[in-house]
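Trainee: Got a minute to go through a model with me? I'd like to get a feel for it before I set anything up.

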Amino acid sequence: MVKFIESELVLLKKEIDEMWTLVYNQLERAGDAVLTSDRELAQQVCVCERRVNAFELKIDSDVEDIIALYNPVAIDLRFVLAMLKINNDLERLGDFAEGISRFALNTMEPVMDAELMEKLRLKEMIAQVLSMLELAKRALQEESQDLAISVFAKDNLVDEINANAPAILTEYIGQHPDSAHYCLELLSVFRKLERSGDHITNIAEEIVFFIDAKVLKHSGRTDEGYPKE
């Protein structure tokens with residue numbers, strides 16, 4: 001039984017890794033679509049969203065099977081639960097990627113104002129979100145608590161850029177009244193990126209949740225000796 005559940009957990013981690021790559025690509029393409037006003041690229045993101053949803057359902061089903069067939073306990077159960085929650089967060093990131101790409105599809109502006117984009121630091125924000133997602137993935141692959149915790153600090157920059165965006169866009173609307181609708185839609189992109197950062201932080205927390213239990217196991221402490229949070 002132990003060998004069977006170990007193989008199932010390896011397969012589950014592989015599925016999460018594959019979904020992670022898919023979602024990363026979705027966010028990267030969505031960001032590029034906005035920055036370059038590439039409608040074709042944005043359309044690819046929208047079409048690929050179905051794959052993300054299918055992946056989530058498949059992983060959910062596999063987690064249910066593992067719990068029902070193998071009744072995992074202790075470290076194994078924490079791993080399965082962590083993967084279930086990470087799966088949900090990855091699906092939400094896929095939703096945000098689609099929402100961001102919708103901006104590129106619906107905007108009537110042929111070219112984004114380069115000076116405005118520099119003030120808003122949109123490119124930097126997109127890069128930071130992608131960096132957080134990549135770092136969290138490494139943390140899971142290497143089972144590194146330090147890498148997972150380092151994700152939290154990166155979210156501060158995402159929050160800072162998002163917090164500054166409304167004032168910058170308000171000033172821009174004052175100077176360019178005809179751009180009001182465009183700026184409001186652009187603000188929604190910042191909100192989705194900020195929410196993406198929150199979900200990646202959630203993922204990092206789940207990785208810490210799993211790794212912390214594993215560290216306790218190897219240190220010889222039992223669940224009964226684990227301090228309450």
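Mentor: Let's talk through confidence, the core, the rings and a few single residues. Keep in mind that this is a predicted model.

Trainee: OK, confidence then. What does the pLDDT of the protein chain average?

Mentor: The average is 91, and 90% of the residues score at least 70.

Trainee: Which elements have the lowest and the highest mean pLDDT?

Mentor: Helix α7 is at the bottom with a mean of 88, while α5 is at the top with 97. Then there's the stretch 216–229, where the pLDDT is below 50. Beyond near neighbours in sequence, that stretch has 8 contacts in the model. Where pLDDT is low, the predicted coordinates should not be read in detail.

Trainee: Noted. Does a record say anything about domains?

Mentor: UniProt has an unreviewed entry that lists "domain: PhoU" for residues 16–102 and 122–207. In the model, residues 16–102 are 94% helix and 0% strand, with the end C-alpha atoms 26 Å apart. For residues 122–207 the figures are 93% helix and 0% strand, and the end C-alpha atoms are 28 Å apart.

Trainee: Next, packing. How many residues are in the largest nonpolar core?

Mentor: That core has 76 residues. The ones with the most contacts inside it are W20, L90, L93, L120, L122, L186 and I207.

Trainee: And which helices supply at least two residues each?

Mentor: α1 (2–36), α2 (39–70), α3, α4 (114–120), α5 (122–142), α6 (145–175) and α7 each do. The largest share comes from α7, with 15 residues.

Trainee: Pick one of those well-connected residues. What does I207 touch?

Mentor: Leaving out residues up to four places away in sequence, I207 touches W20, I86, A136, A139, L140 and A148.

Trainee: And L122: buried or exposed?

Mentor: Buried, because its relative accessibility is 0%. L122 is in helix α5, and beyond four places in sequence it touches V34, L35, M112, M117, L186, V189, F190 and L193. The C-alpha atoms of L122 and I161 are separated by 7.9 Å, though the two residues are 39 apart along the chain.

Trainee: Switching to rings. How many aromatic pairs does the structure hold?

Mentor: There are 2 aromatic pairs. In one, the ring centres of F79 and F210 are 5.1 Å apart and the planes sit at 65°, so that pair is edge-to-face.

Trainee: Where are F79 and F210 in the chain?

Mentor: F79 is in helix α3 (residues 74–106) and F210 in helix α7 (residues 180–218), so the pair ties together parts 131 residues apart in sequence. F79 counts as buried at 6% relative accessibility, and F210 does at 4%.

Trainee: What about F103 and Y182: how are those rings arranged?

Mentor: Their centres are 5.8 Å apart and the planes make 40°, so the pair is tilted. This one also links distant parts of the chain, with F103 in helix α3 and Y182 in helix α7, 79 residues apart. F103 is buried at 7% relative accessibility, and Y182 is buried at 10%.

Trainee: Which residue lies over the face of F209?

Mentor: R78 does, at 4.1 Å from the ring centre. The charged end of K85 also sits over the ring of F209, 5.9 Å from its centre.

Trainee: Now a charged residue. Why does E194 count as buried?

Mentor: Because its relative accessibility is 16%, and the cut-off for buried is under 20%. E194 is found in helix α7, and its contacts beyond four places in sequence are M125, V158, D159 and N162. From E194 to D155 the C-alpha distance is 8.4 Å, and the two are 39 residues apart in sequence.

Trainee: Last topic, backbone oddities. What is the phi of N71?

Mentor: Positive, about 45°, although N71 is not a glycine. N71 lies in the loop between α2 and α3 and is exposed, with a relative accessible area of 56%.

Trainee: And what about A74?

Mentor: A74 has a positive phi too, about 50°, and is not a glycine. A74 is placed in helix α3 and counts as partly exposed at 37% relative accessibility.

Terms used:
Residues are numbered from 1 along each chain as its sequence is written. This is a predicted model: local features need pLDDT of at least 70, side-chain atom pairs count only at pLDDT 80 or more; totals for chains, interfaces and linings use all residues. Side-chain values use heavy atoms; hydrogens and water are left out. Rings of Phe, Tyr and Trp (its six-membered ring) pair if their centres lie within 6.5 Å; planes under 30 degrees apart count as stacked, over 60 as edge-to-face and the rest as tilted. Helices (H or I, at least four residues) and strands (E, at least two) are DSSP runs, numbered from the N terminus. Buried means under 20% relative accessible area, exposed over 50%, partly exposed in between (1.4 Å probe, protein chains only). A charge sits over a ring if NZ of Lys or CZ of Arg is within 6 Å of the ring centre and within 35 degrees of the ring normal. A nonpolar core is a set of buried Ala, Val, Leu, Ile, Met, Phe, Trp, Tyr and Cys residues joined through side-chain atoms within 4.5 Å. Contact means heavy atoms within 4.5 Å. pLDDT is the predictor's confidence in each residue, from 0 to 100. UniProt positions are given in the numbering used here, feature names are shortened, and annotations may be inferred rather than shown by experiment.
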